[in-house]
Amino acid sequence: TDEEKALKLPVVMPMFDRVTCSIPKSQMGFVDFIINDMFEAWDAFIDMPEMLYHLRSNYQYWKDLDEKGITSIQDIYPCTGPAELTSKSPTQTTKTTTTTTKSTTTKTATQVRAVYK
């Protein structure tokens, strides 16, 4: 979409627009239209109460953010400084740091998990 805007073309997939896309709404839509059906199919073959619990917790997390009017990644994960990122998930608070050495950024495993929760 950045290239489309640069070329003054219409944005074909608004869900990928960094400026107007609501991250909570897109996450909830992904769960509603893709993940729920997949989990229902899996549930016919295996008992997976932990996965269903985490799916519901994750969905509630995004729903709560949506109800608060939070839409952007900056609203979700506010940076307190250039090398520090604080994130909150439904079940925990994780504080991680990034170490920069000679233009190479090293991220801890905890930091990577925090971003994708």
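These are my notebook entries on what I looked up in this predicted model.

**Ground rules**

I'm working from a predicted model, so local features need pLDDT of at least 70 and side-chain atom pairs count only at pLDDT 80 or more, while totals for chains, interfaces and linings use all residues. Residues are numbered from 1 along each chain as its sequence is written, and side-chain values use heavy atoms, with hydrogens and water left out.

**Overall layout**

I started with the secondary structure of the protein chain, which comes to five helices and four strands. Helices here are DSSP runs of H or I with at least four residues, strands are runs of E with at least two, and both are numbered from the N terminus. Read from the N terminus, the order is α-α-α-α-β-β-β-β-α.

Next I checked burial: 23% of the 117 residues count as buried. Buried means under 20% relative accessible area, exposed means over 50%, and partly exposed is in between (1.4 Å probe, protein chains only). The exposed surface of the chain is about 8900 Å², with carbon and sulfur atoms supplying 59% of it. Those areas come from the Shrake-Rupley method with a 1.4 Å probe; for residues, only the protein chains shown count as cover.

I also looked at contacts (heavy atoms within 4.5 Å). Of those between residues at least 6 apart in sequence, 40% join residues at least 24 apart.

**Helix H2**

Where does H2 bend? I find a bend of about 40° at Ile35, in a helix that covers residues 23-43. The bend is the angle between axes fitted to the seven residues ending at a position and the seven starting there.

Ile35 is also on the list of buried H2 residues, together with Pro24, Met28, Val31 and Phe39. Their cover includes helix H3 (49-67) and helix H4 (73-76).

Met38 sits in H2 too, but this one is partly exposed, at 31% relative accessible area. It belongs to a nonpolar surface patch of about 520 Å², made with Trp42, Phe45, Ile46 and Met51. My patch rule takes residues with over 30% relative accessible area and no salt bridge; like charges are joined within 9 Å, and nonpolar side chains (Val, Leu, Ile, Met, Phe, Trp, Tyr) within 5 Å.

**Cores**

In soluble globular proteins, nonpolar side chains tend to be buried together. I therefore searched for nonpolar cores, meaning sets of buried Ala, Val, Leu, Ile, Met, Phe, Trp, Tyr and Cys residues joined through side-chain atoms within 4.5 Å.

The largest has seven residues: Met28, Tyr61, Trp62, Leu65, Ile70, Ile76 and Tyr77. H3 gives the most to it, with three residues. A second, separate core has six residues, including Ile35, Phe39, Met48 and Leu55.

I picked Leu65 for a closer look. It lies in H3 and counts as buried at 9% relative accessibility. Beyond four places in sequence, Leu65 touches Pro24, Ile70 and Ile76. Its C-alpha is 6.4 Å from that of Pro24, although the two are 41 residues apart along the chain.

**Salt bridges**

How many salt bridges turn up in the whole structure? I get two, taking a salt bridge as a side-chain nitrogen of Lys or Arg within 4 Å of a carboxyl oxygen of Asp or Glu.

One is Lys5 with Asp17, whose closest N and O atoms are 2.7 Å apart. Lys5 is in helix H1 (residues 2-6) and Asp17 in the loop between H1 and H2, so the pair ties together parts twelve residues apart in sequence. C-alpha to C-alpha, they are 9.5 Å apart. Lys5 is partly exposed at 35%, whereas Asp17 is buried at 6%. Outside its neighbours within four places, Asp17 contacts Thr1, Lys5 and Val11.

The other joins the side chains of Lys25 and Asp66, at 3.1 Å from N to O. This pair links distant parts of the chain, H2 and H3, 41 residues apart.

**The loop between H1 and H2**

Two more residues from this loop went into my notes. Ser22 lies there and counts as buried at 11% relative accessibility; leaving aside neighbours within four places, Ser22 is in contact with Asp66, Ile70 and Thr71.

Lys8 is in that loop as well, but counts as exposed at 74%. I noted its phi near 60°, a positive value in a residue other than glycine.
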